[in-house]
Amino acid sequence: MRFFFLCVGQAGAQIGNGCWELFCLQHGIQPDGQMASDKTTENDSFCTFFNETGSGKHVPRAIYVDLEPTVIDEVRTGTYRQLFHPDQLITGKEDAANNYAQGHYTLGANIIDLVLDRTHKMISAMSKLEFAVYPAPQLSTAGVEPYNSILNTHTTLEHSDCAFMVDNEALYDICSRNLGINHPSYLNINRLIIQIVSSITASLRWRAFVHWYVGEGMEEGEFSEAKEDMAALEKDYEEIDTDSVEDEGEGEEF
Ligand SMILES: Nc1nc2c(ncn2[C@@H]2O[C@H](COP(=O)(O)OP(=O)(O)OP(=O)(O)O)[C@@H](O)[C@H]2O)c(=O)[nH]1
Ligand SMILES: [Mg+2]
């Protein structure tokens, strides 16, 4: 399974940055796209997210796009600047000022052909997962944000196979109530989102090898059976361990 990330607007770029930072760490890829030498022979799970060039550089399968340059400029100058090809980072000069129609019909329409062209160069047909941000009054910069979310849902509905709603308000509550963070920032909220994106895609990155075994005649159920047996064995060992600690404890009393 291969993923392509289309990161749109400030939220898309900031969440994308966190995701690529985590994926690089998980797959042993350095900020310049080279793989740490001790990781190279392990497996090719990185293929889910990265393209490998002839020179051994790993390039995220992603395009960032924003109508104004400041957020993506941080990628261009940041720690991971060498990870991306300049063509993957597309910016205009002026943002949509929180106006969905300006983003969709006027300013956005001016760069959509370029975005589609670069996207098609990177990918062919694939399934589409969407992570759509829904606004929170605590983090809102404009009163019209709920309208923008509804209009965005309406437009992308027929293009996504599966959409995950990233509810900023719920995440804000989790951060403040459950994690004890006063006034959570986008950075705090994005950390949670990134863990969710990582968990949702983890099975596709590391379980793909099951098909090699099944292709050779093994039943897929054999894996879960093996897992259950291992868990039972682990439990047995734990019990033996606890028993022996208790025995030792008793011994000390005398
Ligand atoms: N979770 C999360 N939400 C964000 C982040 N940045 C912005 N948002 C929210 O995402 C929604 C859209 O805001 P932006 O991403 O700033 O908007 P934009 O796509 O850059 O659009 P314009 O600036 O109007 O061109 C708003 O509800 C913001 O509160 C972020 O880093 N993380
Ligand atoms: Mg913006």
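Me: In this predicted model, why is P69 called partly exposed rather than buried or exposed?
Reply: The relative accessible area of P69 is 25%, and the class called partly exposed lies between buried, which is under 20%, and exposed, which is over 50%; P69 therefore counts as partly exposed. This proline sits in the loop between strand 4 and helix 2, and its C-alpha atom is 6.3 Å from that of K93, although 24 residues separate P69 and K93 in sequence.

Me: What makes strand 4 largely enclosed by the rest of the structure?
Reply: Strand 4 covers residues 62-66, and five of its five residues are buried, so the strand is described as largely enclosed by the rest of the structure. Buried here requires a relative accessible area under 20%, and this applies on both sides of the strand, since A62, Y64 and D66 point one way, I63 and V65 point the other way, and all are buried.

Me: How do you know that strand 4 pairs with strand 1 and with strand 5?
Reply: Pairing requires at least two bridges between two strands. Strand 1 (residues 5-8) is joined to strand 4 by four bridges, and the two run parallel, while strand 4 and strand 5 (residues 89-91) have three bridges, also in the parallel sense; both cases therefore satisfy the cut-off of at least two. V65 takes part on either count, as V8 stands opposite V65 and I90 in strand 5 is the bridge partner of V65. From strand 4 the chain passes through helix 2 (residues 70-77) to strand 5, and this β-α-β crossover is right-handed.

Me: Why is A97 called exposed, and what is its phi?
Reply: A97 has a relative accessibility of 52%, and because exposed means over 50%, A97 falls in that class. Its phi is positive, at about 50°, although A97 is not a glycine, and its place is the loop between strand 5 and helix 3 (100-122).

Me: Why is N98 called partly exposed?
Reply: The relative accessible area of N98 is 36%, which lies between the 20% and 50% limits, so the term partly exposed applies. N98 also belongs to the loop between strand 5 and helix 3, and its phi, near 60°, is a positive value in a residue other than glycine.

Me: What makes C175 count as buried?
Reply: C175 has a relative accessible area of 0%, and since buried means under 20%, the label follows. This cysteine is found in helix 5 (residues 168-178), and its C-alpha atom is separated by 7.3 Å from that of N188, 13 residues apart along the chain.

Me: How do you know that Q14, E145 and N190 make polar contacts with ligand 1?
Reply: A polar contact is a pair of N or O atoms within 3.5 Å. An N or O atom in the side chain of Q14 is 2.6 Å from an oxygen atom of ligand 1, a polar side-chain atom of E145 lies 2.6 Å from a ligand oxygen, and a polar side-chain atom of N190 lies 2.6 Å from a ligand nitrogen, so each pair meets the limit of 3.5 Å. On its own, ligand 1 has 640 Å² of accessible area, of which the protein covers 83%.

Me: Which residues come nearest to ligand 1, and which helices contribute to its shell?
Reply: Of the 18 residues around ligand 1, those that come nearest are Q14, N98, E145, Y186 and N190. Helix 1 (9-27) and helix 6 (186-206) each supply at least two residues of the shell, which by class has nine nonpolar, six polar and three charged residues.

Terms used
Residues numbered from 1 in each chain as written. Chains lettered and ligands numbered in written order. Predicted model: local features only at pLDDT ≥ 70, side-chain atom pairs only at ≥ 80, totals over all residues. Heavy atoms only, no water. Near = heavy atom within 4 Å. Polar contact = N/O pair within 3.5 Å; in protein donor to acceptor, adjacent residues only side chain to side chain. Areas by Shrake-Rupley, 256 points an atom, 1.4 Å probe, with all protein chains shown as cover. Nonpolar A, V, L, I, M, F, W, Y, C, P; charged D, E, K, R; others polar. Buried < 20%, exposed > 50% of the residue type's maximum accessible area, 1.4 Å probe, protein only. Right-handed = clockwise from strand over helix to strand, strands pointing away.
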